[in-house]
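Visitor: I would like a close look at a single part of this protein, taken slowly and with its surroundings included. Please walk me through it in one connected answer.

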Amino acid sequence: MTNIRVRLLLVLVVLCGFLTVAGAPPATAVTPSDSLWFDGTPLTVRGGRFVDGQGREVVLRGYNVSGETKLEENRGLPFASVADARRSATALRALGGGNAVRFLLSWARAEPVRGQVDTAYLAAVTEQMRAFLDAGIRVYPDFHQDLYSRHLFNTGSWYTGDGAPKWAVDAGTYPKEYCGVCLFWGQNITQNAAVQQAQYDFWHNAHGLQDAFLGTAQTAMAYLRQHLGDGEFANVVGFDPYNEPYAGSYDSGQTSRTWERDLLWPFYVRFRARMDAAGWQDKPAFVEPNLFWNANISTQKQEGGLLDAGTLGPAYVLNTHFYDQKAISGILMWGKAADGQYASDFGAVRDRASAAGTAAVVSEFGHPLSGTVSDKTPTVLKAMYQALDSRVRGASWWTNPAVSGPVLSGSQWQWDLYNGRHHELMNGNPGKVVSSGDGWNDEDLSAVRLDDSGNAALRQDARLLDRIYPSATAGTSLAFTYEDRSRDGATTLTWNPVPSSLPNVARLVGAGQYGLLVWRSDSGAAPTDLHLPASFPTSGTTVVSDLGAAYAPPAYTPSSPVAVAPEPGGTGSRRLLLTDMDSGALHYALVTNGATAPSADLLSAANAELAAWAAAHF
């Protein structure tokens, strides 16, 4: 999962063999409330993008659910109950603006005894996952691991891990864990001999660990396929086989690149075969390169990115994480993040996915919300979301929009309802009860918590988290930007002001938030779909598009070119639907909450400016 200082990696190791899973038949599929005719189709990868059944380009945005899985207090589940899962899903949609989650699973809990899958655990996972699917949220599961396993650590250890079951640790002969002078838990990845040797064993299939893991993974996937209805399973996007992979140590003459080629990629090919056998043949594997392939500290960075895997195609998605280790260090980056801070880092993700012929997802990103470097968090997260939206910094976006690149999918770390309310016995030690933060290795990154009334409440600026983004584009997105006007303390951060060369657009937007999407249509009938944040009430939203201009857009009908509708799931979240009836045409839409009852003349003048701007740049 996340690594907040020096990133970790690990093996999540082994799930058991080819056991049959008994259980009830799948529940009757229930279509999420407020769904429209074009919603809920399975996603595939085509042309380097996620595409739905209507041929629309899809962007997945949301959170990791959740680091609670790494703890023992709720038996390796993200939630204490299905009720909590439903409460979390509703809040994630309504407050956090998410349409997708990376859903963490525990190998240790799935296979507590070698060769015996715990179907009670899988049943509980299925019901909690269903809470998100019912809320109209797409899901991709992840058998999570960090530092290989908590069972490498003892009751007196300073750190802990998660992932592999106790029997997998007992199969090896590992030294007593010791990290030396380790200020951050991620240093255990490369400095703790026990962690290194256990990782090495997994990748070399010592003691049949990898075989066992693949068998249990197949059993778990088959269980989900059997026990989710067809409509629910359609919204399961794919599977993340392994969190933050790292060799542990390299053999003589081996490099990070050859390790990826000779050990990591063959593992992914084997996992892909297990997906096919479990009934997941139409869903991609979300494969992660070597943990350090895109590190932003030069001494940590290692060559990688699955460079020798060839064209990944529709069976695989390039899945990576990004944390600003310089900012997290407290030493290597003074000051705060600025406009365009991560444009090149996220641009490298776009470039690598394009070269591999597949889509990309940044399945973890974030920054600590407490501690000595938390003052950087508002700017770091704004810069990360900016880089997901476009590879162009705000100051240059209006003059150079055509090189924006695809809008990236991403899942922020993390969404933990129990933040600050944990009761975790660290490594089973009743004398070390952890309640603060995320309850794990001093991390504190959750965007949400429960308030004193038991309601979900954001811990970060809602303007930053609940964002406009193109959740489905009827054609190909050419450029997108969103100025969230999020805050750093009392300061409003505006990195992408409307230029003075567009005076009527600038007047319309004023001091408000705005998003602008440019796309080229295809022949599909389904509309383009943009998430509307809670800060964009329908009565205060203005849309200026070549398809039409509207203040307080009407409710959706198939004949309405600019309209508003609820998002699937009944959570109260809304979307803007833009319907074109052509193919190959250039379209644009600006959405803002900065205007109050703008005149028809202002709307017309702003539209003329945008039309000329779009024609000049595309």
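How many salt bridges does the structure hold? Starting from there, please take me to the open sheet of seven strands and to what lies around it.

Guide: The model is a predicted one, and the structure in it holds 33 salt bridges. A few of these will come up along the way, but the sheet itself is the place to begin.

The open sheet is built from seven strands in the order β1-β2-β3-β15-β20-β24-β23, and the pairing is antiparallel. Its edge strands are β1 (44-46) and β23 (562-566), each of which pairs on one side only. Within this order, strand β3, made of residues 57-58, pairs with strand β15, residues 470-473, in the antiparallel sense over two bridges, and at this join Glu57 stands opposite Thr473 in β15. On the next step along the order, β15 pairs with strand β20 (residues 528-532), again antiparallel and over two bridges, with Ala472 standing opposite Asp529 in β20. Towards the edge formed by β23, five bridges join that strand to β24 (residues 574-578), the two running antiparallel, and here Pro566 stands opposite Arg574 in β24.

Glu57 deserves a second look, for besides facing Thr473 across the strand pair it takes part in a salt bridge with Arg49, in which the side chains meet at 2.7 Å, N to O. Glu57 counts as buried because its relative accessible area is 5%, which is under the 20% cut-off for that class.

The neighbourhood of these strands also includes pockets. The largest pocket holds about 430 Å³ of space, and of the 26 residues that line it, Asp39, Gly40, Arg138, Asn235 and Pro568 are the closest to its centre. Two elements give two or more residues to this lining, namely α8 (230-234) and β15, so that the sheet strand carrying Thr473 has a share in the pocket wall as well. By class, the lining divides into eight nonpolar, nine polar and nine charged residues.

The second largest pocket has a volume of about 240 Å³ and is lined by 19 residues, of which Gly48, Arg49, Thr358, Ala359 and Pro406 lie nearest its centre. The elements that give two or more residues to this lining are β2 (49-51), β3 and α11 (343-356), and α11 supplies the largest share, four residues. Arg49, one of the residues nearest the centre of this pocket, is also the salt-bridge partner of Glu57. In this lining there are nine nonpolar, five polar and five charged residues.

Beyond the sheet, strand β16 (residues 475-483) is mostly covered, with seven of its nine residues buried. Eight bridges join β16 to strand β19 (residues 514-521), and these two strands run antiparallel; among the paired positions, Ser477 has Trp519 as its bridge partner in β19.

Helix α7 offers a view of a covered helix. With 19 residues, 209-227, α7 reaches 27 Å from its first C-alpha to its last, close to the 27 Å expected at 1.5 Å a residue. Because 15 of its 19 residues are buried, α7 is largely enclosed by the rest of the structure.

Returning to the salt bridges, two further pairs can be set beside the one made by Arg49 and Glu57. In one, the side chains of Asp146 and Lys70 meet at 3.2 Å, N to O. Asp146 lies in the loop between β6 (138-144) and α4 (166-170), whereas Lys70 lies in the loop between β4 (61-65) and α1 (82-94), so this pair ties together parts that are 76 residues apart in sequence. Both ends are covered: Asp146 is buried, with a relative accessible area of 0%, and Lys70 counts as buried at 6%.

In the other pair, Arg257 forms a salt bridge with Asp308, the closest N and O atoms being 2.9 Å apart. This pair links distant parts of the chain, with Arg257 in helix α9 (residues 256-277) and Asp308 in the loop between β7 (285-287) and β8 (316-322), 51 residues apart. Here the ends are partly exposed, Arg257 at 27% relative accessibility and Asp308 with a relative accessible area of 38%. Elsewhere, salt bridges that share partners join Arg61, Lys382, Asp389, Arg467, Glu483 and Asp484 into one network.

Key:
Residues are numbered from 1 along each chain as its sequence is written. This is a predicted model: local features need pLDDT of at least 70, side-chain atom pairs count only at pLDDT 80 or more; totals for chains, interfaces and linings use all residues. Side-chain values use heavy atoms; hydrogens and water are left out. Buried means under 20% relative accessible area, exposed over 50%, partly exposed in between (1.4 Å probe, protein chains only). Two strands pair if DSSP finds at least two bridges between them. The expected span of a helix is 1.5 Å times one less than its number of residues. A salt bridge is a side-chain nitrogen of Lys or Arg within 4 Å of a carboxyl oxygen of Asp or Glu. On a 1 Å grid over the protein atoms alone, a cavity is a set of points where a 1.4 Å probe fits but cannot get out, and a pocket is an open set with protein on both sides within 12 Å along at least five of seven lines; lining residues have an atom within 4 Å of a point. Grid points are joined across faces, edges and corners, and a volume is the space filled by probe spheres set on the points. Ala, Val, Leu, Ile, Met, Phe, Trp, Tyr, Cys and Pro count as nonpolar, Asp, Glu, Lys and Arg as charged, and the others, Gly among them, as polar.
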